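Q: Could you walk me through the features of this chain, one by one? I would like the general idea first, then the case.

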Amino acid sequence: MRISYYNGEYVNHDEMRIKSGDRAFYFGDGVYEVVRIYDGRFFTLDEHTDRLMASAEEVMIRGLERDEIVEILHEVRERNAITDGALYIQVSRGIAPRDHSFPDGSKPVIYASIREAKRPHGQMEEGVRAVTTEDYRWLKCHVKSLNLLANVMEKQYAVENGAKETIMHRDGVVTEGSSTNVFMVRNGTLFTHPADNLILNGITRQEVLKLAEANEIPFREEGFTVPDMSEADEVFYTSTTQEITPVTNIDGRQVGDGSVGGTTRKLQSLFNKKITQLKSVKQS
Ligand code: PMP
């Protein structure tokens, strides 16, 4: 049986009942995280927990305990027989009658569930197609908000145009993908948008930059335009579930020579090594 956590209880996932006053339900008034589990072990758990706390703080969801979050994540992992998975956790502002302003005295509501997730080997090997479009989201994209309507619309635009991801731009400057961070490689240097309010500072993005630093791959956290990206040698995007996915075609035009580039392959191999090393890391 699949066990999830909702509002203080561990429950049978298929029979879980959501409270009608949960503000996640009315307003998407909350924040979330997705944490990867490889071979029964959490990957970058501290980073995801820190970001969840920071997102909550940013939208003034108060009274959240970091230790409680960590305990729930471990408990959900342990109560389900899934070794390669993705653990989803969301925190809403609380339960109250529908009214936009913050309710008095309500406590945050935590929901967590786990699903099986396979590594995306095929697309990491072969690359994917992407399309570009304008980024019309709000100006707090650094918050991992439950409000994903714009991202949902952007992702669907990719699907309807035979692509896997939509790469967004603001005034021509590439921000990120609908659910990923975007990198380009030019003359051996890695470029990605700075971690400001216009993007989510992806944990995988941060891991890639750490790997670049440690392995002397030059990088610049600097905006680049859609035409820059079209002329790049390599483009890839990153996320917890998509890892490092090469983009070999953008808006119907091939990137570089259309094959997966050397810097992308190098980073994939370094990232893979990190995942493999997890097996020897003890977790409480
Ligand atoms: N940007 C957006 C908009 C996302 O939704 C995600 C995935 N949650 C990312 C970037 C990648 O972040 P991470 O590497 O932490 O999964």
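Q: What kind of model is this?

A: It is a predicted model. Keep that in mind throughout.

Q: Let us begin with a helix. How many residues does α3 have, and how far does α3 reach from its first C-alpha to its last?

A: Compare the span with the expected one. α3 has 14 residues and reaches 20 Å from first C-alpha to last. That is close to the 20 Å expected at 1.5 Å a residue.

Q: Which residues of α3 are buried?

A: Start with the periodicity. An α-helix has 3.6 residues a turn, so residues three or four places apart point the same way. Now the case: the buried residues in α3 are Ile69, Ile72, Leu73, His74, Val76 and Arg77.

Q: Is Asp67 buried or exposed?

A: Asp67 belongs to helix α3, which covers residues 66–79. Its relative accessible area is 63%, so Asp67 counts as exposed. The cut-off for exposed is over 50%.

Q: Which residues form the negative surface patch?

A: Look for like charges on the surface. Here Glu65, Asp67, Glu68 and Glu71 form a negative patch.

Q: Which residues make the nonpolar surface patch?

A: Look for nonpolar side chains on the surface. Tyr136, Leu148, Leu149, Val152 and Met153 make a patch of about 500 Å². Tyr136 sits in the loop between β7 (128–134) and α5 (149–160). With 47% relative accessibility, Tyr136 is partly exposed.

Q: Now the backbone. What is phi of Asn7 near, and where is Asn7 found?

A: Check the sign of phi and the residue type together. Phi of Asn7 is near 45°, a positive value in a residue other than glycine. Asn7 is in the loop joining β1 (3–6) and β2 (9–12). Asn7 has a relative accessible area of 30% and is therefore partly exposed.

Q: What is phi of Asp39 near, and where does Asp39 lie?

A: Read it the same way. For Asp39, phi is near 50°, a positive value in a residue other than glycine. The loop between β3 (30–38) and β4 (41–42) holds Asp39. Its relative accessibility is 38%, so Asp39 counts as partly exposed.

Q: Last, a distance. What separates the C-alpha atoms of Val173 and Glu58?

A: Set the distance in space beside the separation along the chain. Val173 and Glu58 are 115 residues apart along the chain, and 25 Å separates their C-alpha atoms. Val173 is in strand β9, residues 173–177. At a relative accessible area of 29%, Val173 is partly exposed.

Methods
Residues numbered from 1 in each chain as written. Predicted model: local features only at pLDDT ≥ 70, side-chain atom pairs only at ≥ 80, totals over all residues. Heavy atoms only, no water. Patch = residues over 30% accessible without salt bridge, like charges linked within 9 Å, V, L, I, M, F, W, Y side chains within 5 Å. Areas by Shrake-Rupley, 256 points an atom, 1.4 Å probe, with all protein chains shown as cover. Salt bridge = Lys/Arg side-chain N within 4 Å of Asp/Glu carboxyl O. Lys, Arg positive; Asp, Glu negative; His and termini not counted. Charge placed at Lys NZ, Arg CZ, Asp CG, Glu CD. Helix = DSSP H or I, 4+ residues; strand = E, 2+ residues; numbered from the N terminus. Buried < 20%, exposed > 50% of the residue type's maximum accessible area, 1.4 Å probe, protein only. Expected span 1.5 Å × (residues − 1).
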